[in-house]
Structure formats: structure tokens, C-alpha cells
Amino acid sequence: MDVTAIRTTGLTKRYGDFTAVDGLDLEVGFGEVFGLLGPNGAGKTTTILMLLGLTERSDGEAEVLGLDPARHPLEVKRQVGYLPDEVGFYGNLTGRQNLRFTGRLNRLERRAAEARIDELLASVGLTDAADKTVETYSRGMRQRLGLADVLIKDPRIVILDEPTAAIDPVGVLELLAVIRGLAVDRGVAVLLSSHLLPQVERICDRVGIFVRGRMVEQGTVQELAARMPSREVLVEVGVDGDPEMTRAALAAIPGVAVRDQSRLDPRVWTIAADGDRRRELVGILIAQGLPVFQVHRVGIELDALYQRYFQQAEGEAIHDAVA
Amino acid sequence: MTPSPEATSGTGALVGAVALPSIPSGGGWRIIAAKEMSDHLNGVRFLLLTIGLGLAAVASVAAASGGIRDVAPAASGAPAIFLKLFTISSDNLPALVDWIAFLGPLLGIAFGFDAVNNERTERTLPRLLSGPIWRDDVINGKFAGALAAIALILAVVVVVVAGVGIVQLGVVPQPEDILRLLAWYGVAVVYIGFWLALATLCSVFLRRAAGSALAALSVWLIAAAFSSFLVGSVADVLAPLPADATFEQQLANATMRQDLSHLFPGNIFADSAQAILDPSVRTTGLVISTQVDRAVPSVLSFDQSLLVVWPQVVGLIALTVVCFGAAYVGFMRQEVRA
């Protein structure tokens with residue numbers, strides 16, 4: 001028997017007339033990072049709560065580690081680490097005390113738990129702050145403590161709800177690296193939800209676009225991008241030459257449109273091409289005597305996707321709220 | 001039920017720095033209760049309430065011991081003189097049992113008003129519930145932990161009072177006195193438990209701690225200040241008392257008042273405290289003069305006293321259970337995130 005980490009079939013949650021999650025089919029394997037992407041209010045958190053047995057489903061099937069979370073919540077929660085959106089800790093306790101309490105909830109043996117707490121605090125860079133009360137922590141520190149808190153039980157599945165929402169860009173990169181490492185090095189199944197597609201797409205093996213309770217697209221980032229009507233590829237090019245000449249040279253290439261000149265570094269241009277034309281681009285620029293020092297495909301191939309689903313849905317939500 | 005080892009070994013080898021202990025399906029409430037209690041014991045609240053109640057207790061004992069000494073010659077040979085420490089009031093200070101009847105609610109409310117809503121404002125509830133515990137472990141554990149902290153405060157106060165009494169008066173408690181004291185202690189914990197349950201109920205339904213505290217305190221104030229007024233007016237409607245009332249009508253009215261007043265935990269507690277601590281109290285109900293005509297004044301044994309207060313104690317437990325039950329059901333039905 002092969003156990004999938006997470007599998008749902010037709011998972012549905014209704015609150016009265018409102019359907020928060022509508023017939024969700026989802027499968028996440030071990031060692032895989034799955035990104036549940038969608039605008040706010042799409043039903044991501046509701047889905048996660050159903051997977052943990054914290055909310056009853058209205059219809060459909062859910063299996064976590066081969067178990068029904070509604071019927072075996074303890075076994076499921078023992079092995080699933082959950083980092084909630086805007087994670088909270090007891091402000092009157094120190095970071096270490098908070099982790100200790102989680103260890104106790106998970107019935108970890110005291111000495112093993114202490115060693116693990118030290119190790120995790122170090123790995124999230126909170127060793128110095130470990131014995132300060134959490135009310136003195138910044139949001140980013142809380143988020144990092146949250147990650148340590150999730151890992152203390154050595155989970156086989158990690159579910160992260162908007163993990164990058166509260167932290168600065170550098171912190172996001174570190175966090176994403178840790179998450180990726182969990183899946184690759186330790187075979188953990190990771191389900192993360194986010195409304196910030198560009199931030200998380202690069203660490204997700206597969207993503208699902210979740211809008212208004214429905215999964216509208218699912219697959220690898222490349223698959224999804226391929227399905228888009230526009231195959232536009234965004235590239236950042238750094239050229240150490242005369243700006244006007246560079247602009248002219250770039251614009252002269254067929255199928256390429258200059259989108260933007262960086263305000264931070266005027267030598268860096270963003271261009272949109274109808275496909276991945278990086279090699280060709282470098283060749284043309286060099287041939288014209290323009291020294292290229294950087295060519296970088298920007299990870300927003302799903303830009304069109306984002307526009308199509310997220311902004312549209314958010315616009316409608318705003319429209320609904322106004323009306 | 002967990003997946004079979006064959007099914008998990010493929011990935012289990014990768015994630016296994018700490019051995020997975022088997023999860024007992026019960027006992028989560030104990031972990032939460034232990035945390036709650038340690039939070040309370042380390043908190044300012046506990047310190048303030050212990051000091052406040054301790055001062056009140058010592059003051060009333062000092063007054064009471066003076067009172068006992070005054071009546072001592074006449075009272076020598078009186079039953080259960082040790083317990084008088086707890087029940088005698090002086091001119092300006094109430095007796096210790098009355099202090100507890102009055103301040104007990106405050107104790108219960110102080111330890112319960114932010115039990116659940118604090119988890120919500122701190123956003124710790126989803127994280128807490130994602131641990132391998134049942135949902136009711138949270139509310140059970142919180143109640144148990146707070147009640148244990150309250151029982152500890154009360155025990156400290158009682159022991160201090162008893163100690164002061166023994167030293168000051170040289171009265172040594174008889175075994176029966178100790179039994180009576182323990183029985184009273186048990187009833188007091190249930191009584192304060194009622195207010196704790198009420199405060200917990202408020203904390204489940206009112207999202208802000210301040211609102212919850214105010215709601216619980218107003219119930220207390222209404223019960224304390226208006227109970228006799230409410231009881232009187234309702235009784236006069238249900239069992240009218242005309243100007244030329246017959247004896248039966250008067251009796252009916254008085255009985256009705258008595259029954260209605262036992263809907264209030266404060267009254268139940270005060271009555272049972274008297275009957276438990278004072279062996280000469282033979283009933284908490286009405287006594288008509290013909291019933292005591294030519295009765296020989298005597299004292300009740302401990303078990304007889306218990307029999308007298310048993311209905312009251314059961315009523316008090318029932319009130320507490322109803323209140324906690326409502327909080328429990330409310331908490332179980334709420335969404336984790338709200």
C-alpha cells in the first residue's frame with residue numbers, strides 16, 4: 001500500500017449558502033512542495049483546516065497520511081506541522097517556553113525536546129532572543145519561531161499558511177530555502193498557501209490556482225505557463241553601454257518589447273519576449289558592441305496567469321464589497 | 001490507527017531525529033491544565049489575589065479571636081469552638097466565611113474571564129489545536145488549571161487562618177472540626193468553580209477580555225445586590241401576601257422566598273457554610289416556632305450536618321455543571337478561526 005501524503009477528492013465546505021471550498025481534488029506526495037495559490041478569501045485556509053480536522057467538511061473525501069483527518073485527528077496532527085497565517089504565541093512566555101509547551105503537547109521526551117529546541121532556535125537564528133518574552137518579538141521573529149514550532153514535532157507533512165506574508169524580502173528567501181530543504185533533504189511533503197504567486201512559485205514543484213473555492217489550474221509552473229494564451233517571457237538585461245543605444249538595440253530585435261528601465265540601476269532593462277530568446281538576445285547585443293553583464297529570466301512567467309485569475313477575482317471582491 | 005510500518009518506512013527513515021512516541025488519545029487536558037496553572041501561579045493576578053484575600057482573612061481572624069476570647073468563659077464546653085474562628089464576625093469585619101462568599105466570585109471571575117478569548121486575541125488557538133489534542137482538552141484543561149490555582153489560594157488562606165487561630169487561642173481542632181473544615185473547603189471550591197465557569201462562558205462568547213470581565217462582574221453584582229429584591233418581588237407574585245394573609249399564605253410566601261433564594265449560588269453557599277461549620281444549625285429551611293417548642297438544644301454530628309446541606313450542595317454542583325456545559329458546547333461549536 002502506498003500512502004500519499006495528502007489526497008482529497010471532491011472536498012467541499014459550505015457555510016450556509018456560501019460555498020467556501022467547492023469540490024477540491026488535490027494530491028501532494030512526499031518530497032514535494034505544492035503551492036496552493038489564490039487571492040485572499042479563496043478558501044485556502046478553510047481547506048487547510050479541513051486537512052487538519054479542525055473544521056468539518058461538508059462533502060467529499062480527505063486523506064492525510066492515509067487517514068481521514070475528521071476521524072483520526074490526533075494521529076494526523078501528531079505528524080503534520082501547521083504554521084497558521086499570522087501565527088500567535090503566548091506573549092508572556094519566552095520563545096523557548098513556547099516551544100517547550102509545544103513539545104509537551106506532542107509528548108516529546110523532555111531531554112530530547114530540549115536538545116531539539118536549542119537546535120531549532122539556532123537554525124532559525126533566534127538563539128539570542130530565545131529567553132526573551134515573545135511580546136518583544138517582531139513579526140518576522142514570530143514567523144521564524146513559528147517555523148521552529150512546526151518542526152519541533154519532526155513532521156512528515158508541513159502545512160504553511162501564507163508563510164511569507166509577514167517577513168522582509170531577505171527573510172522570505174531564507175524561509176523559502178528552508179522549506180525547499182525540508183522537501184528535498186528530508187522527504188517532507190509541503191503544502192503552502194500564498195496569495196503572492198511570484199514569491200513562492202520558484203520553490204513549488206507544482207502549484208494549484210485556487211479562486212473562489214475552486215481549483216482552476218493545476219500543474220507545474222511550466223505547464224501552467226504553457227497553457228496561457230500569451231507565452232510572454234520577461235527578461236532582465238544588464239547592459240554596460242550608452243542607454244539610448246541600448247534601448248534602440250533592444251527595441252530593434254523582432255518580438256521583443258522594452259518594458260522598463262530600472263530606477264535603482266539604470267543599466268538594467270526589463271524586456272518582454274514572445275518566448276525564451278536569451279541566447280539570441282546576448283548574441284545580438286554583443287555583436288553591436290554592447291557589453292552584457294547580466295541576463296536574468298524573471299520568475300514571473302505566470303504574470304498573465306496572475307492577472308487573469310487573481311486580480312480579476314480581487315477586483316470582483318472589491319466590487320462586491322462596494323455594491 | 002497509524003499506517004503500517006511498511007507503508008511509512010520509505011520516508012520515515014528520512015524524518016526521524018526524535019523518535020515518535022505513541023500518542024495517548026487522552027490526557028491532553030492535563031498538559032494544558034499544567035500550563036494554565038503555572039501561568040496563573042507566575043502571574044501578578046495570583047499574587048494580588050492571594051495577598052488581598054490573605055489580608056482580609058488575617059484581619060477577620062484577628063477580630064474573631066478577640067470575639068471568641070470575650071465569649072470564651074461562657075462558651076467553654078461549647079461545640080466546635082475552633083470553627084468559630086471562621087464564622088464569628090466582629091463589629092466592623094465580616095467573618096471569614098462571609099469574606100469568601102463575597103470575594104469568591106471575584107476570584108473565579110479573575111481566573112476565567114480571559115480563558116478562551118485571550119487565545120483568540122493572541123492568535124494562539126489554531127496553533128494550539130494543531131497539536132495532537134482534542135478540542136475539548138483546551139477548555140477542560142483551562143478550567144481545571146484555573147480551579148487548581150483557586151483551590152491553592154483558598155487552601156493557603158484556610159491554613160493561615162487555622163494556624164493563626166491555634167497560636168493565638170491555643171484551641172486545637174478536633175478531628176470532626178477538621179472534617180467540617182474540609183467539607184466546607186470542598187463546597188467553597190465548587191462555589192468559586194461556579195463563578196469560574198460563568199467567567200469561562202463569557203470568555204467563550206465575548207471576544208474581548210474587557211467585555212467578558214464586565215459581563216461576568218455584572219452578573220455577580222446583580223446576584224449580590226439585587227437577589228433579595230428579585231426573590232421578594234417574584235415570590236410576592238407567585239405566592240401573594242394580602243394584608244390579611246392567613247398563616248398558610250404567609251408560610252407559602254416564606255417558603256417561596258426560601259426556594260427562590262436558593263437559585264443564587266451566593267445564598268446556597270452561605271447557608272451550607274453555616275450548616276457545615278456550625279453543628280448547632282439543624283436546618284437551612286424555615287423553622288416555625290411550634291417546631292422548636294420544647295426541643296432540646298443539641299448539636300448535630302458531622303454526617304447529620306452533611307445531610308442538612310446535601311440538597312444545597314447538589315444544587316450548587318448542578319449550577320456549576322450547567323454553566324460549564326454551556327461554555328463547553330459553545331466552544332466546541334465555534335470555528336477555529338474567527
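**Close-up views of a predicted two-chain model**

**View 1. The six-stranded sheet of chain A.** In this predicted model, six strands of chain A line up as 5-6-7-3-8-9 in an open sheet with mixed pairing. The edges belong to strand 5 (80–83) and strand 9 (214–219) of chain A; each has a single partner strand, so one side of each is left without a neighbour in the sheet. Going from one strand to the next, the twist averages 15°. Zoom in on strand 6 (residues 157–161) and strand 7 (residues 189–194) of chain A and you'll find them running parallel, joined by five bridges. Here A:Val158 has A:Val190 of strand 7 of chain A as its bridge partner.

**View 2. Two helices lying across the six-stranded sheet.** Helix 5 (residues 139–151) of chain A lies across strand 5 and strand 6 of chain A. That helix runs at about 165° to strand 5 of chain A. Helix 6 (residues 169–186) of chain A lies across strand 3 (33–37), strand 6 and strand 7 of chain A, and its angle to strand 7 of chain A is about 150°.

**View 3. Core residues, with A:Ile157 in the middle of the picture.** The largest nonpolar core has 151 residues, and those touching the most other members are A:Ile157, A:Val190, B:Ile150 and B:Leu196. Helix 9 (residues 175–205) of chain B is the top contributor to this core, giving 16 residues. Apart from that core lies another, of twelve residues, including A:Val235, A:Val239, A:Leu250 and A:Trp269. Back to A:Ile157: leaving aside neighbours within four places in sequence, its contacts are A:Ala5, A:Ile6, A:Val64, A:Leu65, A:Gln79, A:Val80, A:Val188 and A:Ala189. As a general backdrop, nonpolar side chains tend to be buried together in soluble globular proteins.

**View 4. Two loop residues with positive phi.** A:Leu65, one of the contacts of A:Ile157, sits in the loop between strand 4 (59–64) and helix 2 (73–79) of chain A. Its phi is near 55°, a positive value in a residue other than glycine. A:Leu65 counts as buried because 25 other C-beta atoms lie within 10 Å, and the cut-off for buried is 20 or more. A:Arg107 is the other residue shown here, in the loop between helix 3 (95–105) and helix 4 (110–123) of chain A. Phi of A:Arg107 is also near 55°, again positive without being a glycine. Its surroundings put A:Arg107 in the partly exposed class, with 19 C-beta neighbours inside 10 Å.

**View 5. The four-stranded sheet of chain A.** This open sheet has the strand order 11-12-10-13 and antiparallel pairing. Strand 11 (256–261) and strand 13 (292–297) of chain A stand at its edges, and each has a single partner strand, so one side of each is left without a neighbour in the sheet. The twist from one strand to the next averages 25°. Strand 10 (residues 233–239) of chain A pairs with strand 13 of chain A over five bridges and with strand 12 of chain A over six, antiparallel in the latter case too. Keep an eye on A:Val235: its bridge partner is A:Arg297 in strand 13 of chain A and A:Ile271 in strand 12 of chain A.

**View 6. The hairpin and the helices packed on the four-stranded sheet.** Strand 11 and strand 12 of chain A make a hairpin with six residues between them. Five bridges hold their antiparallel pairing, and A:Val256 stands opposite A:Ala273 of strand 12 of chain A. Strand 12 of chain A has a covered face made of A:Trp269, A:Ile271 and A:Ala273, while A:Val268, A:Thr270 and A:Ala272 are on the uncovered one. As for strand 10 of chain A, it pairs with strand 13 of chain A in the antiparallel sense. Helix 9 (residues 243–252) of chain A packs on the sheet, touching strand 10, strand 11 and strand 12 (268–273) of chain A, with its direction at about 145° to that of strand 11 of chain A. Helix 10 (residues 278–287) of chain A packs on the sheet as well, touching strand 10 and strand 13 of chain A; its direction makes about 160° with that of strand 13 of chain A.

**View 7. A helix pair in chain B.** Chain B has 14 helices and zero strands. Helix 5 (residues 96–112) of chain B packs against helix 9 of chain B at about 40°, their axes 7 Å apart. That angle makes the two helices oblique to each other, and their crossing is right-handed. Among the contact residues are B:Gly104, B:Gly108 and B:Gly112 of helix 5 of chain B, and B:Tyr191, B:Trp195 and B:Leu196 of helix 9 of chain B.

Note on methods:
Residues are numbered from 1 along each chain as its sequence is written. Chains are lettered from A and ligands numbered from 1 in the order in which they are written. This is a predicted model: local features need pLDDT of at least 70, side-chain atom pairs count only at pLDDT 80 or more; totals for chains, interfaces and linings use all residues. Two strands pair if DSSP finds at least two bridges between them. Axes are lines fitted to C-alpha atoms, for helices over the stretch in contact, and angles run from 0 to 180 degrees between N-to-C directions. Two residues are in contact if their C-beta atoms, placed from the backbone, lie within 7 Å. A nonpolar core is a set of buried Ala, Val, Leu, Ile, Met, Phe, Trp, Tyr and Cys residues joined through C-beta atoms within 7 Å. Angles under 35 degrees count as roughly parallel, over 145 as roughly antiparallel, 65 to 115 as roughly perpendicular and the rest as oblique. A crossing is left-handed if the near helix is turned anticlockwise from the far one by less than a right angle, and right-handed if clockwise.
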